[in-house]
Amino acid sequence: MADLANCPRCGNLFVKQNQDVCADCFKQEEEDFQKVYEFMRKKKNRMSTMNEVAEATGVDKHLIQKWLVQRRIHPGEFPNLTYDCERCGTQIYEGRLCLDCAGDLQNDLKEEAEAKTIAEQEQENRDAKVYYNVQQENKWRD
């Protein structure tokens, strides 16, 4: 379903469907993508860093990062194009989190899944207070 939104680049109102920017800004982004792609296609530029590509093409680093995250630019072909992990800022080649942050997140999720609820903890406390008689005498012997 389409929603109305303000374009994050220019602020104009647009119908948000498949793109996250308005049609005019999308057209500009595509032109910028072609600039970056043409620059990176040249063999001498394939080892360029993010700053070098941004400076040579005049395209914002955040836009290049967006294309890396979307996998429009493949990091395997351009090994020096890295961007920041969304959690800690470490330079990464793909995804949104570095391996350390992804591992921490997985561990936190495991711990949370294994953690006992308040009701389970209260039940354990009640069970711990119950007195069990181990030696029972049978009063009804024949």
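Visitor: Where in the chain is the place of Arg71?
Guide: In this predicted model, Arg71 has a positive phi of about 65° although it is not a glycine. Most residues other than glycine have a negative phi. At 40% relative accessibility, Arg71 counts as partly exposed. Its place is in the loop between α3 and β3 (83-84).

Visitor: What pattern does the protein chain follow along the sequence?
Guide: The protein chain has 5 helices and 4 strands. Read along the sequence, these elements give the pattern β-β-α-α-α-β-β-α-α.

Visitor: Are α2 and α3 roughly parallel or oblique to each other?
Guide: Two packed helices are described by the angle between their axes and the distance between the axes. Helix α2 (residues 50-57) packs against helix α3 (residues 61-69) with the axes 9 Å apart, and α2 passes α3 in a right-handed crossing. The angle is about 120°, and roughly perpendicular covers 65 to 115 degrees while roughly antiparallel is over 145. The two helices, α2 and α3, are therefore oblique.

Visitor: Which residue forms a salt bridge with Arg9?
Guide: Side chains of opposite charge can pair when their charged atoms come close. Arg9 lies in the loop between β1 (3-6) and β2, and its partner lies in helix α1 (residues 23-41), so the pair ties together parts that are 20 residues apart in sequence. Arg9 counts as partly exposed at 40% relative accessibility, whereas the partner is buried at 5%. With the closest N and O atoms 3.5 Å apart, that partner is Glu29.

Visitor: How many residues apart in sequence are the parts that Asp20 and Lys66 tie together?
Guide: The side chains of Asp20 and Lys66 meet in a salt bridge at 3.0 Å, N to O. Asp20 lies in the loop between β2 and α1 and Lys66 in helix α3, so the parts tied together are apart in sequence by 46 residues.

Visitor: In which helix do Arg41 and Glu38 both lie?
Guide: The side chains of Arg41 and Glu38 meet in a salt bridge of 3.6 Å, N to O. Arg41 is partly exposed at 46% relative accessibility, and Glu38 is partly exposed at 41%. The two residues are 3 residues apart, about one turn of the helix, and both lie in α1.

Visitor: Is Cys98 buried or exposed?
Guide: Cys98 is found in the loop between β4 (91-92) and α4 (99-114). Buried means under 20% relative accessible area. At 8%, Cys98 is buried.

Notes
Residues are numbered from 1 along each chain as its sequence is written. This is a predicted model: local features need pLDDT of at least 70, side-chain atom pairs count only at pLDDT 80 or more; totals for chains, interfaces and linings use all residues. Side-chain values use heavy atoms; hydrogens and water are left out. Axes are lines fitted to C-alpha atoms, for helices over the stretch in contact, and angles run from 0 to 180 degrees between N-to-C directions. Angles under 35 degrees count as roughly parallel, over 145 as roughly antiparallel, 65 to 115 as roughly perpendicular and the rest as oblique. A crossing is left-handed if the near helix is turned anticlockwise from the far one by less than a right angle, and right-handed if clockwise. Buried means under 20% relative accessible area, exposed over 50%, partly exposed in between (1.4 Å probe, protein chains only). A salt bridge is a side-chain nitrogen of Lys or Arg within 4 Å of a carboxyl oxygen of Asp or Glu.
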